[in-house]
Amino acid sequence: YVASAHGNLAEVAMRLGDVPAAAGHQRSCLELAVALGSPALVAFSLIVAARIAGWRDDWTTAVALHAKAEEQLEEIGLVLYEDDRKEIEALLDRAREQLGDEDFRAARSQGLEVTLSDAVQLADQVLATAEGA
């Protein structure tokens with residue numbers, strides 16, 4: 001799959017610290033994942049967008065996108081690899097520190113309440129902004 005290849009390239013770019021390249025590849029992955037109806041790739045794209053939102057100190061968006069991604073992964077029965085889970089836990093811990101417990105819970109609830117379509121649009125906006133960074 002081309003979508004999966006873009007997702008893999010995004011992960012490599014993130015690990016190399018090239019956030020604009022990662023955002024561009026993940027944006028392509030997200031667009032193709034939506035077109036193909038691939039819930040796993042959509043969820044993974046939301047996670048990368050959440051990581052990028054955190055990198056930009058947009059903690060509310062990071063938590064909301066991650067909550068929706070987590071919900072999607074649970075619905076299809078996928079779990080993240082241990083390394084990915086640890087990275088996400090670190091992101092969420094940092095978000096909780098920055099937001100405080102009440103705002104963290106509110107951001108999580110917001111993420112769970114939005115439609116998947118709205119979460120995809122939000123992720124696309126995050127990725128588009130970072131792509132141009």
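Is lysine 68 buried or exposed? Lysine 68 is buried, with a relative accessible area of 5%. This comes from a predicted model. The briefing starts with that lysine, then covers the nonpolar core, a buried glutamine, the salt bridges, the loops and a surface patch.

**Lysine 68**

- Lysine 68 sits in helix 4.
- Its relative accessible area is 5%, under the 20% limit, so lysine 68 counts as buried.
- A polar atom of the lysine 68 side chain lies 2.7 Å from the backbone oxygen of valine 114.
- Valine 114 is also among the residues in contact with lysine 68, once neighbours within four places in sequence are left aside.
- The other contacts on that list are Leu46, Gly111, Leu112, Thr115, Leu116 and Ala119.

**Nonpolar core**

- The largest nonpolar core holds 39 residues.
- Leu46, Ile52, Val63 and Leu65 have the most contacts inside this core.
- Helix 1 (2-15), helix 2, helix 3, helix 4, helix 5 (82-99), helix 6 (101-113) and helix 7 (116-131) each give two or more residues to this core.
- Helix 3 provides the largest share, 10 residues.
- Leucine 65 touches Leu46, Ala49 and Ala50, and also Ala119, Leu122, Ala123 and Val126; residues up to four places away in sequence are not counted.
- Leu46 and Ala119 appear among the contacts of leucine 65, and both are also listed for lysine 68.

**Glutamine 26**

- Glutamine 26 lies in helix 2.
- Which class does glutamine 26 fall into, buried or exposed? Glutamine 26 is buried, because its relative accessible area is 2%.
- The side chain of glutamine 26 makes a polar contact of 2.8 Å with the side chain of serine 45.
- Ser45 is also one of the residues that glutamine 26 touches, not counting residues up to four places away in sequence.
- The rest of that list is His6, Gly7, Ala10, Phe44, Val48 and Leu127.

**Salt bridges**

- The count comes to 11 salt bridges.
- Glutamate 11 pairs with arginine 51, with the closest N and O atoms 2.9 Å apart.
- This pair links distant parts of the chain: glutamate 11 is in helix 1 and arginine 51 is in helix 3, 40 residues apart.
- Both glutamate 11 and arginine 51 are buried.
- Glutamate 131 and arginine 27 also meet in a salt bridge, at 3.4 Å from N to O.
- This second pair links distant parts of the chain too: glutamate 131 is in helix 7 and arginine 27 is in helix 2, 104 residues apart.
- Glutamate 131 is partly exposed, with a relative accessible area of 35%.
- Arginine 27 also counts as partly exposed, at 29% relative accessibility.
- Arginine 94 forms a salt bridge with glutamate 97, where the closest N and O atoms are 3.9 Å apart.
- Arginine 94 and glutamate 97 are 3 residues apart in helix 5, so about one helical turn separates them.
- Arginine 94 counts as partly exposed at 37% relative accessibility, whereas glutamate 97 is exposed, with a relative accessible area of 61%.
- Salt bridges that share partners join Glu11, Arg15, Arg51 and Glu87 into one network.

**Loops**

- Where is aspartate 57? Aspartate 57 is in the loop between helix 3 (39-55) and helix 4 (59-76).
- Aspartate 57 has a positive phi of about 65 degrees, although it is not a glycine.
- Aspartate 57 counts as exposed because its relative accessibility is 53%, over the 50% limit.
- Valine 79 is in the loop between helix 4 and helix 5.
- Valine 79 is exposed, with a relative accessible area of 69%.
- Valine 79 and valine 63 are 16 residues apart in sequence, and their C-alpha atoms are 18 Å apart in space.
- Val63 is among the residues with the most contacts inside the largest nonpolar core.

**Surface patch**

- Tyr1, Val2, Leu32 and Leu36 make a nonpolar surface patch of about 470 Å².
- Leucine 32 is in helix 2 (residues 19-36).
- Leucine 32 counts as partly exposed, at 30% relative accessibility.

How values were computed: Residues are numbered from 1 along each chain as its sequence is written. This is a predicted model: local features need pLDDT of at least 70, side-chain atom pairs count only at pLDDT 80 or more; totals for chains, interfaces and linings use all residues. Side-chain values use heavy atoms; hydrogens and water are left out. Patches are made of residues with over 30% relative accessible area and no salt bridge: like charges are joined within 9 Å, nonpolar side chains (Val, Leu, Ile, Met, Phe, Trp, Tyr) within 5 Å. Accessible areas come from the Shrake-Rupley method with a 1.4 Å probe; for residues, only the protein chains shown count as cover. A salt bridge is a side-chain nitrogen of Lys or Arg within 4 Å of a carboxyl oxygen of Asp or Glu. Helices (H or I, at least four residues) and strands (E, at least two) are DSSP runs, numbered from the N terminus. Buried means under 20% relative accessible area, exposed over 50%, partly exposed in between (1.4 Å probe, protein chains only). A polar contact is a pair of N or O atoms within 3.5 Å; within protein, one must be able to donate a hydrogen and the other to accept it, and residues adjacent in sequence count only if both atoms are side-chain atoms. Contact means heavy atoms within 4.5 Å. A nonpolar core is a set of buried Ala, Val, Leu, Ile, Met, Phe, Trp, Tyr and Cys residues joined through side-chain atoms within 4.5 Å.
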